[in-house]
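Let's take a walk through this one, a stop at a time. Have the viewer open and follow along.

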Amino acid sequence: MTSPVWHPFTQHGLNEPIPHVVRAEGALLHLADGGTLIDAISSWWVTTHGHCHPRIAAAIAAQAGQLDQLIFAGYTHAPAEDVARGLIDLAPHAPDQPSLAHVFYSDSGSTAVEVALKMALGYWHNRALDGLGDARSRILVLDHSYHGDTIGTMSIGERGVYNAAWTPLLFDVGTIPFPAPGQEQACLDALDAACREKPAAFVVEPLILGAGGMLVYPPAILREMAAICRRHDVLFIADEVMTGWGRTGTLFACEQAGVVPDIMAAAKGITGGAIPLAVTLATAPIFEAHRSTDRARLFYHSSSYTANAIACAAAAANLAIWREEDVLGRIAMLANGIATRLADLAQHSAFANPRKLGTIAAIDLIAPDAGYLSDLAPRLRAFFLERGILLRPLGNSIYLMPPYCLDETQLDHIFAALIAAGDRFGVKA
Ligand SMILES: *Cc1c(COP(=O)(O)O)cnc(C)c1O
């Protein structure tokens, strides 16, 4: 019987196998046919400590029996309060910059970024009502950005085959060139020039552009971008949806640049990857621009499951793990193991352009037909699947983003498969 399920980012016409997973533990997925897969991309970048972490699973079970869901307009509960306080503590801080002081809940990275955009425009709108300058609406972004798949987040992301059908619905944004090696000053100059036109905000993925191809740039450039925005009174929005929760080696990527954004979106690993939840953090001025006795100025955004209590309990357990366990130590060990093996892999003549940041590594396979729509990516997926590894290359860019519990044996197995893929599909120099 064919399945009625319509899968995301899946071309059903290709009839690729769709593995059926029945159980997961640590870095392993157990299949219905008895096989196992190493989850080398953390089930799309969300699983941080490992699948079915006992502390998170226990917190979910306990909360599910106590308070499941509550309207969050005008009501509150302990898990949401605890997580918000914990987030404010753990969020990036710098002595010379206003702190993130308010937490708005939603359900996915896309909505967290949309909320950030709505907060930014709301800020300028409400200030204009007070006679404090013009309302602003233009958004600046980096080339190759990805911020989600809703209409608003597609608008501020890279345009291409994956959103061509909806171009008529997408709004116009200002695009700043990516600070590739040698292009850093051109990027900063373009940002400075664009900021003179009084845009509302600049939205950026800090230190690494994920879906755009795992493109890395240095903390000093991120720091300079934030400084330019501050100088021109343009809101600086950090999309930490992928980079947050230790991925880049620190809890949040902005820490490495000493940057406190005006607005910050986080999701993916916020519950350790167990259950959907997202947050948008804002500084006091953003919140205060909406606080008034005037109901016309309240922040008009909600979804049915805003701050779902079970999801918040999972996030609270995740925060406790971060506070009480040496997560950064585990991340440093894994990052080290990845870095040494990546350096070896880069010697292989079929690979080029190795890049890494924390627990993320990427490398390009030099292959005859390597475009995003070539059949290389599906063939690579099948190749790794046969070897018991879940990998999902972006075109010819193969990347790893494993859970932090991945062990040395699993890492060796993954890198052996990468070498085999180079031998099989690569063009030798
Ligand atoms: C995944 C991602 C998003 C979207 O998050 P969803 O939870 O999939 O909606 C937004 N921004 C970045 C940088 C991401 O990697």
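Is S42 buried or exposed? S42 is buried, because its relative accessibility is 0%, where buried means under 20% relative accessible area, exposed over 50% and partly exposed in between, using a 1.4 Å probe and protein chains only. Before going further, a word on what you're looking at: this is a predicted model, in which local features need pLDDT of at least 70 and side-chain atom pairs count only at pLDDT 80 or more, while totals for chains, interfaces and linings use all residues. Residues are numbered from 1 along each chain as its sequence is written, and side-chain values use heavy atoms, with hydrogens and water left out.

Back to S42. It sits in helix α1, residues 42-45; helices here are DSSP runs (H or I, at least four residues), strands are E runs of at least two, and both are numbered from the N terminus. What catches the eye is its backbone: S42 has a positive phi of about 50° although it isn't a glycine. Most residues other than glycine have a negative phi. D233 does a similar thing, with a positive phi of about 60° and again no glycine. You'll find D233 in the loop between α7 (219-231) and β10 (235-239), and with a relative accessible area of 41% it is partly exposed.

Staying with S42 for a moment, one of its contacts is T47. T47 belongs to the loop between α1 and α2 (54-64) and is buried, at 2% relative accessible area. Leaving aside neighbours within four places in sequence, T47 is in contact (heavy atoms within 4.5 Å) with S42, R247, G272, G273 and P403.

G273 is a handy stepping stone, since K268 touches G273 too. K268 lies in the loop between β11 (263-266) and β12 (278-283). Beyond its neighbours within four places in sequence, K268 makes contact with W44, W45, V46, V241, M242, G273 and L277. Its relative accessible area is 24%, so K268 counts as partly exposed. An unreviewed UniProt entry places the feature "modified residue: N6-(pyridoxal phosphate)lysine" at K268; UniProt positions are given in the numbering used here, feature names are shortened, and annotations may be inferred rather than shown by experiment.

That brings us to the ligand. Which residues surround the ligand? They are W45, S108, G109, S110, Y146, H147, G148, E205, D239, V241, M242 and K268, each with a heavy atom within 4 Å of it. This shell divides into four nonpolar, five polar and three charged residues; here Ala, Val, Leu, Ile, Met, Phe, Trp, Tyr, Cys and Pro count as nonpolar, Asp, Glu, Lys and Arg as charged, and the others, Gly among them, as polar.

Now zoom in on the polar contacts, which are pairs of N or O atoms within 3.5 Å; within protein, one must be able to donate a hydrogen and the other to accept it, and residues adjacent in sequence count only if both atoms are side-chain atoms. S110 puts a polar side-chain atom 2.6 Å from an oxygen atom of the ligand. K268 has a polar side-chain atom 2.7 Å from a ligand oxygen. With G109 it's a polar backbone atom, 2.8 Å from an oxygen atom of the ligand. Taken alone the ligand exposes 380 Å², and the protein buries 83% of that, with areas from the Shrake-Rupley method and a 1.4 Å probe; for residues, only the protein chains shown count as cover.

A few more stops are worth making. G152 is in helix α5, residues 151-155, and is buried at 9% relative accessible area. Not counting residues up to four places away in sequence, G152 touches E114, L117 and F171. The C-alpha atoms of G152 and T111 are 9.1 Å apart, with the two positions 41 residues apart along the chain counted as their separation. Compare H290 and R330: they are 40 residues apart along the chain, and their C-alpha atoms are separated by 41 Å. H290 is found in helix α8 and counts as buried, at 13% relative accessibility.

Last, visit T306, in the loop between α8 (284-290) and α9 (309-324). T306 is buried, with 8% relative accessibility, and its contacts beyond four places in sequence are L70, F72, Y105 and D107.
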